[in-house]
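Here's a short tour for anyone meeting this structure for the first time. Have a look at the sequence and the model, then read on.

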Amino acid sequence: MADQIELSSPPFDSISLVRFSPTNPSHLLVSSWDTTVRLYDVDANEQKSKFDHRAAVLTCCFADANRAFSGGLDTSVRELDLTTEKVTHLGQHSDSISASNYSKDLNVLITGSWDRTLRFWDPRASNPQQASYDLPERVYQMDLVNHTLVVSMASRLFNIYDIRKMDSPAQTRESSLKFMTRALACMTDGQGFATGSVEGRIAVEYFDPSPEAQEKKYAFKCHRQTIADVDHVWPVNALAFHPVYNTFASAGSDGTVSIWDHKLKKRLRQYPKYPTAIPSIAFNCDGTKLAVGVSYTWDEGEEGAKKAERPAVYVRKVGDEVKPKGWTGS
């Protein structure tokens, strides 16, 4: 494999999410505004299956090697059998589904919606919806590490839950960033999370509420450029932590991907620029590849859409640039 491949038969419209299988380092799910979820084998560079929906798909996630879930503007929660292409409707939100995560430990799918609820689903139950929890605002993003679920909402609100006791959030926080949250990812080591805003900033936060741990949190500017003395600022659209080294990648509407060491507060690498904005990125389960979804993200409205590049999905081989300095292995 060259350093990077472009997947054949990409979606026809903007990409909402790219997600790798938890067990197969070559299997990638891509959801799109073209109303599909597609499964690719990236090593073979082929589309293995495709699932049509009634409206744009905003989120997808794997349960295991052979099952996945999807949700979007048609409000239906679907289970996708990746081998037979069978689709099972598990139930419905009352507005668009914006985020989803699967907990292997609890065998539960968690969905978040613009209807201001979080819902838990057991796909094997005759009545799959197990519970619904009300939130103060619309859900924008969610991520899960071990039993800790972070929910990012409108109005710059965050709820942090222990998914084993959902009666109330373990913590509620306001964003450290002044502008709307566009990206969220939990650290691989379970210590905290990073968020990105529409105003070219990333914040690194820690779960431990003690003053010592909270002193470590910080924010920095990125995905900015000075062109002819004018500062251009782009949204940070996506974040992903490396599954082995716990460094993280950020992607923005400037078409760049950077790798960061949040402990040293340093950028380790910026990859060559992509043709247009990057709405989603993901590392595979063994940390050898990074998927980069490239498509117009409507930052310039209708005007920008007229001259937008067609959507593309790139898969990049990852090397030592994602290792923190002085890494000796754990």
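The UniProt record, an unreviewed entry, puts the feature "repeat: WD" at residues 90-131 and 229-270. What you're looking at is a predicted model, and here's how the chain runs over those two stretches:

| Residues | Helix | Strand | Distance between end C-alpha atoms |
|---|---|---|---|
| 90-131 | 0% | 57% | 13 Å |
| 229-270 | 0% | 60% | 22 Å |

Now for a sheet. Four strands line up in the order β6-β7-β8-β9, making an open sheet with antiparallel pairing. At the edges sit β6 (57-62) and β9 (87-92), each of which pairs on one side only. Going from one strand to the next, the twist averages 25°.

Let's zoom in on one pair. Strand β7 covers residues 67-72 and strand β8 covers residues 76-81, and 4 bridges link them in the antiparallel sense. Across this pairing, R67 stands opposite D81 in β8.

Strand β8 is also home to R78. Is R78 buried or exposed? Its relative accessible area is 3%, so R78 counts as buried, given that the cut-off for buried is under 20%.

And what does R78 touch? The side chain of R78 makes a polar contact of 2.8 Å with the side chain of D74. If you skip the neighbours within four places in sequence, R78 is in contact with H53, R54, A68, F69, S70, V87, T88 and H89.

Notes. Residues numbered from 1 in each chain as written. Predicted model: local features only at pLDDT ≥ 70, side-chain atom pairs only at ≥ 80, totals over all residues. Heavy atoms only, no water. UniProt positions renumbered as here; feature names shortened; annotations may be inferred. Helix = DSSP H or I, 4+ residues; strand = E, 2+ residues; numbered from the N terminus. Pairing = 2+ DSSP bridges. Axes fitted to C-alpha atoms, helices over the stretch in contact; angles between N-to-C directions. Buried < 20%, exposed > 50% of the residue type's maximum accessible area, 1.4 Å probe, protein only. Polar contact = N/O pair within 3.5 Å; in protein donor to acceptor, adjacent residues only side chain to side chain. Contact = heavy atoms within 4.5 Å.
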